[in-house]
Each structure stands twice: as C-alpha cells, then as structure tokens.
Amino acid sequence: MTMDAVIAQWQKVKENIVKACHDAKRAADDVQLIAVSKTFGVEDIHPLLEAGQRVFGENRVQEAESKWPQLRDEFPDLKLHLIGPLQSNKTKEAVQLFDVIETVDREKIAKFLQEEMLKQNRKLACYVQVNIGEEPQKAGIAPNEAVEFVKHCKNDHHLDIVGLMCIPPVGENPGPYFALLAKLAKEAGVEKLSMGMSADYETAIAFGATSVRVGSAIFGHRPPISHQ
C-alpha cells in the first residue's frame, strides 16, 4: 500500500470514529485512536507521525526497541502502548520504552512492573487485560477474577490501573463481550476501555470504548515478521 493510501485509510478511520461517536451520542474526542504499527517499519510509520497521529500500539518489546527510540527523538510527544503479551524478562525494557502497558494479566507481571517502575522512577498507566471470551489460547485474567485483580494491582502493587483491555473471540458478535468489559470496568472503578480493532471498532465505540486499536484498516496487511 502506498503512503498516500495509508494516510487516506487513516483519515477514513478517524471519520468513522467521529460518526460512531455521534451515533452513540458521545463526544468525538471521547475515543482515542491507537494506530497498531506491529510489523511495520520506521519508513511506514513516519508519514503518519508527520500527518499528526501520535498514539501507536506495538505487540512486541523487541520489535518496538528497533524503531521507536529514533522516532521518539523526532516526535517527543508520541505515546506508545504495549498491546501484546509482556514477558517477565522484558519488563525492564518495556518500562523504559512504553508509555502505557495494556496487558497486565497476572500476578508475576504486576510484581515485576512495580519493581521496574520504582527502579526507573517511572509511573506508567496500565490496563488489566481480560480474557473476555475465556479462551484457553489467549492471555488475560478471567472475567470473574478481573475486579479483584484490579484492586490487588492497585492496592498491593501500587500500579496505576486506568482501565481494562480485551480481545473478543474471532467470528463471534463482539457486542456482548464489549458490554461485559464495560460492566467489569464499572465494578472495578476504572474509566478506560481499550476494546475494538479494525473489524469491530465502531461496535466497540457504541459499547463505551475509550480507545480503539486499529492496524490493518490503516496500514493494510503485511506478512508477520520472521523470527528465524
């Protein structure tokens, strides 16, 4: 996809967000667009930064390390979200590199994040990832444990848990899952909902998403990076 096409797709997504907010009787600036740039290089991301996009999502710490420090030098106001699983041996790098961690999903990671943030004197906003469809292959805390886990992360690990994040099961109506995440967030006393991707972000907005994570609808599809 050409860069002109990427910019046009990005603008289309932004227009769709405004329309979805209008339809849901919400203010257009209620919803933050996270451009998911995993598998795309500096040359692909740079034009979007020049066009004004400032919030991006990456799945892998190692991949993000290879491109974002140089981009941040040029665009110091960008915000980078970790939206993929965090391995405990990458916690140090994640706290150094990212501004928001969306995938706090177990006790060990909460503990490691607390320790690293203290060491680095950084306090990052965090989301608890909920395995909303209770799928064995997916990361995330079980829905019936989410509220207590949020309290535990806040009270015992002193993490700044600002919201919940989820990925609904593929091929199912996402609405009920988004509704459940919104209910859990209310019970847990957190305000932010990171839910909705390229195929369902407009539905997520209708159910209260405060940020949507959109990749292929902006950048198009690309084969996964080889890790051989």
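Student: What hand does the crossing of α1 past α2 have in this predicted model, left or right?
Tutor: α1 passes α2 in a right-handed crossing. The label means that the near helix is turned clockwise from the far one by less than a right angle.

Student: Why is α1 called oblique to α2?
Tutor: The axes of α1 (residues 3–23) and α2 (residues 42–51) cross at roughly 50° and come within 10 Å. Roughly parallel needs an angle under 35 degrees, and roughly perpendicular runs from 65 to 115. The crossing angle fits neither class, so α1 is oblique to α2.

Student: Which residues make that contact?
Tutor: α1 brings M3, V6, I7 and W10. α2 brings E43, D44, P47, L48 and A51. By class, seven are nonpolar, none polar and two charged. E43 and D44 are the charged ones, because Asp and Glu count as charged.

Student: How do α7 and α8 pack?
Tutor: α7 (residues 143–155) and α8 (residues 175–188) pack at about 35°, with axes 9 Å apart. α7 passes α8 in a right-handed crossing. P143, A146, V147, V150 and K154 of α7 meet L180, L184, E187 and A188 of α8.

Student: What classes make up the contact of α7 with α8?
Tutor: Seven residues are nonpolar, none polar and two charged. K154 and E187 are the charged ones, because Lys and Glu count as charged.

Student: What lines the second largest pocket, by class?
Tutor: Seven nonpolar, two polar and three charged residues. The lining includes K138, E172 and D200, along with G171 and S198. G171 counts as polar because Gly is placed in that class. The pocket holds about 190 Å³ of space.

Methods. Residues are numbered from 1 along each chain as its sequence is written. This is a predicted model: local features need pLDDT of at least 70, side-chain atom pairs count only at pLDDT 80 or more; totals for chains, interfaces and linings use all residues. Side-chain values use heavy atoms; hydrogens and water are left out. Axes are lines fitted to C-alpha atoms, for helices over the stretch in contact, and angles run from 0 to 180 degrees between N-to-C directions. Helices (H or I, at least four residues) and strands (E, at least two) are DSSP runs, numbered from the N terminus. Angles under 35 degrees count as roughly parallel, over 145 as roughly antiparallel, 65 to 115 as roughly perpendicular and the rest as oblique. Contact means heavy atoms within 4.5 Å. On a 1 Å grid over the protein atoms alone, a cavity is a set of points where a 1.4 Å probe fits but cannot get out, and a pocket is an open set with protein on both sides within 12 Å along at least five of seven lines; lining residues have an atom within 4 Å of a point. Grid points are joined across faces, edges and corners, and a volume is the space filled by probe spheres set on the points.
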